[in-house]
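Welcome! Here is a short guided tour for someone meeting this protein for the first time. Take a look at the sequence and the model, and then we will walk through a few spots together.

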Amino acid sequence: MSDKHLQSSQRRKFMLGAAALPLALAISRMGHAAALPTAQVNTTGLAITDTEVVVGQLHSATGTMAISETGSIQAEQLAIDQINQMGGILGRTIRVIKEDGASDWPTFAEKSRKLLVNDKVAAVFGCWTSASRKAVLPVFERENGLLYYPTFYEGLEQSKNVIYTGQEATQQILYGLDWAKQEKGAKTFFLVGSDYIWPRTSMKIARKHIEAFQGGKVVGEEYYPLGNTNFNSLINKIKIAKPDCIFAAVVGGSNVAFYKQLKAAGITANRQFLLTLSVTEDEMLGIGGENFEGFYASMKYFQSLDNPNNKAFVEAFKAKYGPRAVIGDVTQAAYLGPWLWKAAVEKAGSFDVDKVVAASPGIELPTAPEGFVKIHENHHLWSKARIGMGQADGQFKVVAESPELIEPDPFPKGYQ
């Protein structure tokens, strides 16, 4: 190996460790990392030895959702690498079994059963769409597995067997709509989404908020199959309806066609206000910043957040995955999963799912890239909400932020 390559390799290893330090220091105050006898930390037959603990990763590495889920795979692996560099969890190195859900919900269910029943993993970091989460949930509850789910979603769910590290509806949808009304004067909305549970339920909540709580009006509502690439008829309907706001929840690869076709039809930010729940920096790679510039996204995290912990995280991510790598909202939420699991395991002094679950509420990560987060008793995170404006370079400029952490409320009154 040349001196140049050696220095580059050493720098990457340094950055992995350096970015882990703030989280590691915060977590170390909450638990103890000493190795304990396997019989003491594993009473339920999980894949754990004196030196190793096995976990699963279950995302779409192929298919239409790969554009969105690749970042989650990378972020979880980065966190696990950093934890292993620190000595692992309870003195054990983490080994990962990766499975591909292939953007197919029955495949997700099948792979989750393999991980829990055959591989006996201690935890799973995975899923992206609500359809995939709903497909695996019965398996996790039946087999008493533990899933760390990173995606913003519609809420209306709470499970003992899931820790939700993304936003639920009150933290993303309602905050975004209120900002649209207050800052942009939006009164009429055209709702558009991909055709599965998350967009449909999200838009049901959005419609209720617009009509019952804001006194606004929904002037159109359309859904398209996952992977759809033809939005010409939709664009014509939008032009006729002339909404104050296009409120979008199109997911995966369909985003590329959607935003390119909007621009080709002359629907750009200088003419039309658009707020999306589903475009992060990951999707922007495919869309192209020039096709999204000036539109807005409602998220809790943007790569451009200006704080020391995020800067260290971004640098470590790029050191591992290359200077062109980007980090979106779900990617960062996925990064939190292994750290939250580590904290809960060390607090519980056990890998047993029931003990880890019992130890999880109240766990804090003061130095998460997005800022302070905390696990609520309902297994969701207290976190801030933010609005970002798309830039030509594929990044977002943060233009609004909730003043305080928003308490997660997966079952908001009046929206069910």
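Let us begin with one aromatic residue: Tyr-259 counts as buried because its relative accessibility is 0%, under the 20% cut-off. Please keep in mind that this is a predicted model. The same reasoning holds for Phe-292, which is buried because it too has 0% relative accessibility.

**Aromatic pairs**

How many aromatic pairs does the structure hold? There are 26 of them. Tyr-259 and Phe-292 form one such pair, with an edge-to-face arrangement. This pair links distant parts of the chain, since Tyr-259 sits in helix H9 (residues 254-264) and Phe-292 in helix H11 (residues 289-292), 33 residues apart.

Another edge-to-face pair is made by Phe-273 and Tyr-296. Phe-273 belongs to strand E9 (residues 273-276) and Tyr-296 to strand E10 (residues 296-299), so the pair ties together parts that are 23 residues apart in sequence. Both Phe-273 and Tyr-296 are buried. Here are the two pairs next to each other:

| Pair | Centre to centre | Between the planes |
|---|---|---|
| Tyr-259 and Phe-292 | 5.0 Å | 70° |
| Phe-273 and Tyr-296 | 5.7 Å | 70° |

Tyr-259 and Phe-292 also belong to an aromatic cluster, which they form with Tyr-224, Phe-231, Phe-258, Phe-295, Phe-302 and Phe-396.

**The largest pocket**

Next, some open space. The largest pocket holds about 240 Å³. It is lined by 15 residues, and those closest to its centre are Thr-44, Leu-46, Leu-116, Glu-143 and Asn-144. Which elements give two or more residues to this lining? They are helix H4 (105-118) and helix H14 (353-359). Sorted by class, the lining has seven nonpolar residues, four polar ones and four charged ones.

**Helix H4**

Since H4 helps to line the pocket, it deserves a visit of its own. This helix has 14 residues and spans 19 Å from its first C-alpha to its last, close to the expected 20 Å. Its buried residues are Trp-105, Thr-107, Phe-108, Ala-109, Ser-112, Leu-115 and Leu-116. Leu-116 may sound familiar: it is also one of the residues closest to the centre of the largest pocket.

What covers the buried residues of H4? The cover includes strands E1 (52-59), E2 (93-100) and E3 (124-126), together with helices H3 (66-85) and H5 (130-143). Just after H4, the chain reaches Lys-120, which takes a positive phi of about 55°.

Methods. Residues numbered from 1 in each chain as written. Predicted model: local features only at pLDDT ≥ 70, side-chain atom pairs only at ≥ 80, totals over all residues. Heavy atoms only, no water. 1 Å grid on protein atoms, 1.4 Å probe; cavity = no way out; pocket = protein on both sides within 12 Å on 5 of 7 lines; lining within 4 Å. Points joined across faces, edges and corners; volume = space filled by probe spheres on them. Helix = DSSP H or I, 4+ residues; strand = E, 2+ residues; numbered from the N terminus. Nonpolar A, V, L, I, M, F, W, Y, C, P; charged D, E, K, R; others polar. Expected span 1.5 Å × (residues − 1). Buried < 20%, exposed > 50% of the residue type's maximum accessible area, 1.4 Å probe, protein only. Contact = heavy atoms within 4.5 Å. Phe/Tyr/Trp six-rings, centres within 6.5 Å; stacked < 30°, edge-to-face > 60°.
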